[in-house]
Amino acid sequence: MPNLFEKQDILNFSDSTLSDWFKTNKIAPYHLKQIKKWIYVKNSKSFYEMTDISKKNREILESFFCIGSLETIKIRKSKDGSKKYLFKLKDSNLIESVLIPEKNHYTLCISSQAGCAQGCRFCQTAKLGLVRNLSKAEIISQIIDIKADLKEHKRLTNLVFMGMGEPLANLSNLILALNTIIDSNEGLCFSKRRVTVSTCGIVSNFQKLAQNTEARLAVSLNAADNKIRDMLMPINKKYPIETLIDACKNYPLKPRDRITFEYVLLKDINDSENDAKKLIKLLKEVKGKVNLIPFNNHFKSEFEAPNLDTVLQFQKILSDNNITAIIRNSKGSDVSAACGQLAANCL
Ligand code: SF4
């Protein structure tokens, strides 16, 4: 039974709801801007720290709200410098996020759900099934908490929704979170060009996503024909490749923008010359580029990574046919933090 006296996470509320609440509690509306600065810029976790707000108002705020509600359970550091964070939610469910160091900045891979219902066969999260959607507060708290943990001067500038869960299956909370993440006046100030939402292909939500945010779209494709994609990704039975590619063609893009197609290369499944040729045909009229991700071998997996020659040959066939194809060796595999390996330490 929910505890009616439990403090609410202020990160879950919209500005208009908070403004109404401020009015009812006789707190001046301009304090909202100050509070957001304390939370998003100064990583404050307590209203008592907000010294430009009167003591009385801080006490009122502190009695009703908390700021973020994730508990850091474990941080594992990979040999390549990536860090995997295991967080406990208020209801004791677990989620993971991965911080990836790049040359001049950090990229953070965050979760949108605890577990996932989509059942992709190469993915460890799928084995958990869907536990539940994350709230807006739980989504953005991953960013706030990890930002507060950064010791180096390198900045966290890039964000990818490629952690646990399917973001478009939690669309309303995703949109609320993106609005705070990309808000450059009073939010977390990420550039819209550096925030990417990755989907397995929930086509019915593409237009709503495009209408409500300018974050970039990535599609986890992984096969160029329905037979292989049906086997790898159950969503393909609902939205077959032709439907998915049509939705990508109709996705509103700015002149410089392109959709990223992620293609996990699996030995003897989708890595042949013929597969590459089918992919070229499929993407011929789409404004897109391809990220080739050699599979991360993991314990008990039914799949294997192709050898390097096969990966390079696949890339060459795409490049020779004017498709930008970048090989992305995902980081953190030694601490199960690489693509498709997030399972909240449960497996
Ligand atoms: S790859 Fe993504 S959508 Fe598919 S099961 Fe894993 S987390 Fe879910």
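Author: Domain bounds in this text come from an automatic or database domain assignment. The model is predicted: local features need pLDDT of at least 70 and side-chain atom pairs count only at pLDDT 80 or more, while totals for chains, interfaces and linings use all residues. Residues are numbered from 1 along each chain as its sequence is written.

Reader: How far apart do the C-alpha centres of domain 1 and domain 2 lie?
Author: The protein chain is divided into domain 1, residues 8-66, and domain 2, residues 71-335. Between their C-alpha centres the separation is 34 Å.

Reader: Which helix gives the most to the side of domain 1 that touches domain 2?
Author: Domain 1 brings seven residues to the contact and domain 2 brings 11 residues (contact: C-beta atoms, placed from the backbone, within 7 Å). On the domain 1 side, two residues are nonpolar, two polar and three charged (nonpolar: Ala, Val, Leu, Ile, Met, Phe, Trp, Tyr, Cys and Pro; charged: Asp, Glu, Lys and Arg; polar: the others, Gly among them). With three residues, the largest share there belongs to helix α2 (residues 31-41) (helices are DSSP runs of H or I, at least four residues, numbered from the N terminus).

Reader: How many residues of the shell around the ligand are charged?
Author: The ligand is surrounded by 13 residues, of which C116, Q118, C120, C123 and A126 are the closest (near: C-beta atom, placed from the backbone, within 6 Å). Six residues of this shell are nonpolar and six polar, and the number of charged residues is one.

Reader: Why is α4 described as oblique to α5?
Author: Helix α4 (residues 136-149) and helix α5 (residues 171-182) have axes that come within 8 Å (axes are lines fitted to C-alpha atoms over the stretch in contact, with angles from 0 to 180 degrees between N-to-C directions). Angles under 35 degrees count as roughly parallel, over 145 as roughly antiparallel, 65 to 115 as roughly perpendicular and the rest as oblique. The axes cross at roughly 40 degrees. That angle makes the relation of α4 to α5 oblique.

Reader: Which residues in α5 are met by α4?
Author: By class, this contact has six nonpolar, two polar and one charged residues. From α4, the residues K136, I139, I140 and I143 meet, in α5, N173, L176, A177, T180 and I181.

Reader: Which residues in α11 are met by α10?
Author: The axes of α10 (residues 273-283) and α11 (residues 308-320) are 9 Å apart at an angle of about 30 degrees, which makes the two helices roughly parallel. From α10, the residues E273, A276, K277, L279 and I280 meet, in α11, F314, I317 and L318.

Note on methods:
Contact = placed C-beta atoms within 7 Å.
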